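I opened a fresh notebook page for this protein and went through it one topic at a time. Here is what I looked up, in the order I wrote it down.

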Amino acid sequence: MAVSQLGVAPEGGRSGGGQAHFYALPSRPDAIALDAVITSIVLVFHRDASVLFDPHSTFSRVSSYFARYLDMPRKSLVSFVRVSTLVGDTIFVDRVYRSCVVTIGGLETRVDFLLLCMMDFDVILGMHWLSLFRAILDFHAKTVMLAILGVPRIEWRGSTDFVSSRVISFLKAQRIVGKGCLSDLAFVRDVSIETPTIDSVLVVRDFLDVFLADLSGMPPDRDIDFGIDLVLGTQPYLFHRIV
């Protein structure tokens with residue numbers, strides 16, 4: 001069952017027209033507090049994805065992180081989609097992944113995903129998908145039932161246990177730091193990637209006798225005195241500018 005939910009620009013560029021609009025998803029803690037959404041692990045292109053069933057959202061979307069597993073080209077929208085975030089900011093989205101496979105209870109469904117930078121979920125299934133497949137949401141029981149005509153009803157049970165997310169958005173971090181909260185800057189390195197050698201660094205490789213190949217650690221805290229030698233009896237030196 002394929003569905004075309006979002007327009008795609010023809011070859012040669014975008015067409016004119018107004019901008020579509022929808023509101024952005026709540027964060028995972030906000031979703032839990034609302035108790036008006038259902039989350040679950042669902043197969044998207046046969047890969048486990050953290051999914052939010054959100055009737056408050058018009059379109060469905062995929063995170064930038066999970067999009068790399070879709071193994072399909074993304075396309076341009078006919079016009080930008082304007083996303084209003086919960087902190088009052090606006091994001092313009094113009095990329096879409098069309099006809100992506102979402103498997104619910106063994107049934108393969110199709111959905112168009114807007115590409116959106118989000119941290120709490122891999123995929124958001126909005127009203128376009130929910131209405132197309134006649135989804136019935138039971139927020140109390142945390143179940144999703146697909147009542148498609150001509151197909152036996154499929155019931156999918158969502159998650160009831162949540163683990164609080166320890167990741168917050170940059171916008172939220174900026175706000176709480178602005179209110180006086182302390183912040184630390186951490187350096188994270190991927191240990192699975194080979195560490196570059198010191199002679200691969202520009203400038204440094206020209207002075208290998210100065211820079212050590214291996215640093216034993218950070219230098220100890222110590223005072224450094226800078227001295228300037230003065231010569232008695234010298235006269236002020238005048239710089240003449242040549243034009």
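**Entry 1: ground rules.** Before naming any loop I needed the elements: helices (H or I, at least four residues) and strands (E, at least two) are DSSP runs, numbered from the N terminus. With that numbering, Asp 71 is found in the loop between helix 2 and strand 5 (75–84). I also noted that this is a predicted model.

**Entry 2: the overall count.** I listed four helices and 11 strands in the protein. The chain has 243 residues, and buried ones make up 31% of them. I then looked up the exposed surface: about 17400 Å², with carbon and sulfur atoms supplying 57% of it. For contacts between residues at least 6 apart in sequence, I noted that 60% join residues at least 24 apart.

**Entry 3: the cores.** Which residues have the most contacts inside the largest nonpolar core? I found Phe 53, Phe 113 and Leu 146, in a core of 28 residues. Several elements give two or more residues to this core, among them strand 2 (38–44), strand 3 (47–53), strand 6 (90–104), strand 7 (107–116) and strand 10 (143–146). Helix 2 (64–67) and helix 3 (127–132) are also on that list. A second, separate core has eight residues, including Leu 77, Val 81, Val 93 and Leu 116.

**Entry 4: Leu 146 up close.** I set aside the neighbours within four places in sequence and looked up what Leu 146 is in contact with. The partners include Ile 104, Leu 107, Trp 129, Phe 133 and Ile 154. Arg 134 and Arg 153 are also among the contacts of Leu 146.

**Entry 5: strand 3 and its partners.** Strand 3 is largely enclosed by the rest of the structure, because five of its seven residues are buried. On one pairing, strand 2 and strand 3 run antiparallel over seven bridges, and Ser 40 has Val 51 as its bridge partner in strand 3. On another, strand 3 pairs with strand 8 in the parallel sense over three bridges. There, the bridge partner of Phe 53 is Leu 125.

**Entry 6: Leu 125.** I followed that bridge to Leu 125, which sits in strand 8. Is Leu 125 buried or exposed? Its relative accessible area is 0%, so Leu 125 counts as buried. Not counting residues up to four places away in sequence, Leu 125 touches Val 51, Leu 52, Phe 53, Val 102, Val 111, Phe 113 and Leu 130, among others. I also checked the spacing to Val 102: 23 residues apart in sequence, and 9.7 Å apart in space, C-alpha to C-alpha.

**Entry 7: the strand 10 neighbourhood.** Strand 10 pairs antiparallel with strand 9 (residues 135–138) over four bridges, with Asp 138 matched to Thr 143. These two strands form a hairpin with four residues between them. Four bridges also join strand 10 to strand 11 (residues 154–157), again antiparallel. In strand 11, Glu 155 is the bridge partner of Met 145.

**Entry 8: positive phi angles.** Most residues other than glycine have a negative phi, so I wrote down the exceptions I came across. The hairpin of strand 2 and strand 3 has two residues between the strands, and Phe 45 in the turn has a positive phi of about 55°. His 46 lies in the loop between strand 2 and strand 3, with phi near 65°. At 56% relative accessibility, His 46 counts as exposed. In the turn between strand 9 and strand 10, Lys 142 has a positive phi of about 60°. Asp 71 has phi near 55° and is exposed, at 74% relative accessible area.

**Entry 9: charges and cysteines.** How many salt bridges does the count come to? I got one. The side chains of Asp 94 and Arg 95 meet in it, at 3.1 Å, N to O. Asp 94 is buried at 17% relative accessible area, since the cut-off is under 20%. Arg 95, at 27%, counts as partly exposed. The disulfide count came to zero. As for cysteines, I noted that Cys 100 is buried at 0% relative accessible area, whereas Cys 117 is exposed at 66%.

Methods:
Residues numbered from 1 in each chain as written. Predicted model: local features only at pLDDT ≥ 70, side-chain atom pairs only at ≥ 80, totals over all residues. Heavy atoms only, no water. Core = buried A, V, L, I, M, F, W, Y, C linked by side-chain atoms within 4.5 Å. Buried < 20%, exposed > 50% of the residue type's maximum accessible area, 1.4 Å probe, protein only. Contact = heavy atoms within 4.5 Å. Salt bridge = Lys/Arg side-chain N within 4 Å of Asp/Glu carboxyl O. Pairing = 2+ DSSP bridges. Disulfide = S-S within 2.5 Å. Areas by Shrake-Rupley, 256 points an atom, 1.4 Å probe, with all protein chains shown as cover.
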